[in-house]
Amino acid sequence: MSSSFVEALRSTLHLLVTLDPQLLQIASLSLSVSAAATAIGTGLGLVLGAWIAVNQFPGRRAVLVVLNTLLALPSVVVGLLVYLLLSRAGPLGALGILFTPAAMVVAQTVLVLPIVTALSRQTIEDAMRDQGEQLRSMGAGRLGCALILLWDERMAMLTLALAAFGRAISEVGAVMIVGGNIEGVTRVMTTAIALETSKGDLPLALALGVVLLSIVLLLNALIALLREWRVRADEAYA
């Protein structure tokens with residue numbers, strides 16, 4: 001192991017142990033932006049997904065095809081579209097939020113919205129096949145069925161929200177385009193890692209990578225625990 005690599009690891013450990021202010025600022029901005037985007041995207045996605053699941057309308061199949069296609073929407077394309085919308089010449093240019101955290105929230109919301117909508121739609125639709133007839137026999141309308149099933153599947157929805165947060169916080173392309181990676185303003189963990197690596201500042205890049213991996217690991221652990229809890233709860237009610 002080369003001495004330079006060992007020194008980089010020591011510097012990384014020092015940044016983590018001493019809670020370097022720059023490291024904390026970047027990490028806190030990442031968390032706040034992704035949390036806001038996840039809250040907005042999850043709220044909208046659950047409503048849209050539930051509505052699509054319990055309603056039949058002309059063009060529904062085409063909507064589902066488009067929705068499933070958007071699951072693989074490249075983040076750089078999202079960044080480009082949001083940039084065009086928020087630029088001075090764009091329809092939302094008057095808001096003046098390009099190259100601000102608000103623009104990053106918009107971009108991440110656009111990224112997570114199709115994921116939450118598509119997966120919640122599938123979950124509610126599957127639950128509707130099992131419980132829909134019973135709910136309708138009890139007098140529940142379509143809106144009532146959607147609300148009841150959303151509540152019944154709340155653990156699955158929470159798992160979906162955690163997955164959406166993981167998608168948002170690990171994204172780099174869209175926030176780089178609409179945020180500009182401005183130090184102290186719009187620099188988040190993923191964009192900072194890319195920049196610091198290109199500059200050769202490996203300690204900060206590694207420290208941010210450790211924090212990001214820790215967050216993703218925690219999210220996956222929570223998702224696994226929620227799934228296990230749901231399985232045990234279903235077995236107990238069976």
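Colleague: Why does Arg121 count as buried or exposed, whichever it is?

Modeller: Arg121 has 7% relative accessibility. Buried means under 20% relative accessible area, exposed over 50%, and partly exposed in between, with a 1.4 Å probe and protein chains only. Arg121 therefore counts as buried. Bear in mind that this is a predicted model, where local features need pLDDT of at least 70, side-chain atom pairs count only at pLDDT 80 or more, and totals for chains, interfaces and linings use all residues. Residues are numbered from 1 along each chain as its sequence is written, and side-chain values use heavy atoms, with hydrogens and water left out.

Colleague: Thanks! What makes Arg121 and Glu125 a salt bridge?

Modeller: A salt bridge is a side-chain nitrogen of Lys or Arg within 4 Å of a carboxyl oxygen of Asp or Glu. For Arg121 and Glu125 the N to O value is 3.1 Å, so the pair meets that definition. The two are four residues apart in helix α5, which means about one helical turn separates them. Helices here are DSSP runs (H or I, at least four residues), numbered from the N terminus. Glu125 is buried because its relative accessible area is 13%.

Colleague: How do you know that Arg60 and Glu125 tie together distant parts of the sequence?

Modeller: Their closest N and O atoms are 2.5 Å apart, a salt bridge again. Arg60 lies in helix α3 (residues 60-70) and Glu125 in helix α5 (residues 101-137), so the pair links parts that are 65 residues apart in sequence. Both Arg60 and Glu125 are buried.

Colleague: And what makes Glu196 and Lys199 an interesting pair to compare for burial?

Modeller: Glu196 is buried because its relative accessible area is 2%, whereas Lys199 counts as exposed because its value is 54%. Their salt bridge spans 3.6 Å, N to O. Being three residues apart in helix α9 (residues 189-199), they are separated by about one helical turn.

Colleague: Which residues do shared salt-bridge partners join into one network?

Modeller: Arg60, Arg121, Glu125, Asp126 and Arg129. The structure holds five salt bridges.

Colleague: Why is Leu84 called partly exposed?

Modeller: Leu84, in helix α4 (residues 75-86), has 47% relative accessibility, so it counts as partly exposed. Leu84 also belongs to a nonpolar surface patch with Val76, Val77, Leu80, Leu81, Tyr83, Phe99, Ile182 and Val185, with about 720 Å² of accessible area together. Patch residues have over 30% relative accessible area and no salt bridge; like charges are joined within 9 Å, and nonpolar side chains (Val, Leu, Ile, Met, Phe, Trp, Tyr) within 5 Å. Accessible areas come from the Shrake-Rupley method with a 1.4 Å probe, and for residues only the protein chains shown count as cover.
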